[in-house]
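Me: I am a first-year student and should be grateful for a close look at a single part of this protein. Please explain each term as it arises.

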Amino acid sequence: MSAIALLMGLLLLSYLGSLIVGGKAARGLPSGVEFLGLGLVVGPNMLGLVDRKMISDFEPIVQVALGWLAFTVGLDFGRVAGRRVRAGSMALGIFCALLTGVVVAFAVYRFLVHYPIPGIEGPNVLVLAAGAGAVTAETTRFAVQWVALRSNAKGPVSDLLSQIAASDDFAPFVATGAIFASVPTQGLSVDLPGIGWFGISVLLGAMLGTVTALLLRGAEGYAVWGALIGTLLLGVGTAARFGLCTIFVTFVMGIALAAVASSRRVLRRMVGATERAVLYPMLLLAGARLDPRPLIEVRMLVALAALVLIARIIGKFLSGFVIRGFAPAARPAGGMLGIALISSGPVSISCAFVFALRFPGLIGDTLLLCAAASAVIGELVSTLALKRLLFHLGEERSAEAGA
């Protein structure tokens, strides 16, 4: 009965989320940390309304939800408000995300080499270091859109940041897919190197996107949803069976479908309207999954988590320098640009969540906690910094500017 009650609660939360999608005003918080907090409160570490067994029972549903969110990102990848992102802005976004991820991964790896943590040895050191880089690489597009909508911001810097934030999701999805491919599931009858499993992930996503496009020819109404959901379930199930990254496969599926389908504009509108309705229940379950006990039991993990957050801030500051160097329009932003890039959100949480499902224990719990902490810091610091930056540059037109 408790599992049924939780399912009904998630459906209600999904419905409430659908009510605040698509409005002119940005509502809620850009990263959705309020739902992470709600999940933590009702989870097994606080009120216990959602116990660990219940969370485990919902893992298949979580995998599908995460896959759907990645699919929506892939379907609309490289676009902002229906407009194609400029090639230069896309290259900047991907490079800056990679730069941040490499800075974090290197810092974590060096820390673990000098200060080994019991339970994280051998290949697990590389998995945790690379995973930390993947889950901290992005600058969430939700924060930029949230500030722009609430402040009625328009100008070269807000436009550039929107395009960069819409492009840098590529890096964490690909990195997560590569990490999963490098650590194949035990007991498989097929033995392939990491590059082989990565190629299969790309091929599977591309094939599913192409097949979906063929199924959608002439389809209308519920048949469209049937084709989309059916092929996505097939992709998630196949990826999970072989230990591949479900969100990477469905991300590629979304890109392939957008490239092949003639009705891509209609599909983007249909699927985009469901994004936050799926996002809020996922964030609630991610919050319920948060487990601070490893930080209490292994004190060195506290230092490691702090290092991840500091290295991410350094990476974003370096990214700010890179952007100002290649984009003349961003040069008046100065050092505040790096602070504005600190925000993270659903993509980071999604990547951390799949790590928690694939690598339960110290690795998964640590990455999920780091992703959640990064989202909170971005909410407290980056959103306000971005608002003040746009006001300083004269791109914010709201009456609340400077408040």
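How many helices and strands does the secondary structure of the protein chain come to? Within it, please look closely at helix α12: which of its residues are buried, and what covers them?

Reply: The secondary structure of the protein chain comes to 19 helices and two strands; these are DSSP runs numbered from the N terminus, with helices being H or I runs of at least four residues and strands E runs of at least two. The model is predicted, so local features need pLDDT of at least 70 and side-chain atom pairs count only at pLDDT 80 or more, while totals for chains, interfaces and linings use all residues. Residues are numbered from 1 along each chain as its sequence is written, and side-chain values use heavy atoms, with hydrogens and water left out.

Of the 403 residues in the protein chain, 53% count as buried, a term for under 20% relative accessible area, with exposed meaning over 50% and partly exposed lying in between (1.4 Å probe, protein chains only). Contact means heavy atoms within 4.5 Å. Among the contacts with a separation of 6 or more, 81% join residues 24 or more positions apart.

Helix α12 spans residues 246-260, which makes 15 residues. From first C-alpha to last, α12 reaches 21 Å, close to the expected 21 Å; the expected span is 1.5 Å times one less than the number of residues. Twelve of the 15 residues of α12 are buried, so this helix is largely enclosed by the rest of the structure. The buried residues are T246, I247, F248, V249, T250, F251, V252, M253, G254, A256, L257 and A258. Their cover includes α4 (59-75), α9 (170-182), α10 (194-215), α11 (222-241), α13 (264-272) and α18 (346-358).

One residue of the covering helix α9 shows the arrangement in detail. F173 lies in α9 and is buried, with a relative accessible area of 2%. Leaving out residues up to four places away in sequence, F173 touches I247, F248 and F251, as well as A70, V73 and V347. The C-alpha atoms of F173 and S348 are separated by 9.3 Å, although these residues are 175 residues apart along the chain.

Another covering helix, α4, also packs against α14. Two packed helices are described by the angle between their axes and the distance between the axes. Axes are lines fitted to C-alpha atoms, for helices over the stretch in contact, and angles run from 0 to 180 degrees between N-to-C directions. For α4 and α14 the angle is about 135 degrees and the axes are 10 Å apart. That makes α4 oblique to α14; angles under 35 degrees count as roughly parallel, over 145 as roughly antiparallel, 65 to 115 as roughly perpendicular and the rest as oblique. The contact is made by E59, V62, A65, L66, W68, L69, T72 and V73 of α4 with E275, V278, L279, M282, L285 and R289 of α14.

Helix α14 (residues 275-289) packs with α2 (residues 33-42) too, at about 45 degrees and with axes 6 Å apart. These two helices are therefore oblique to each other. F35, L36, L38, G39 and L40 of α2 meet Y280, L283, L284, A286, G287 and A288 of α14.
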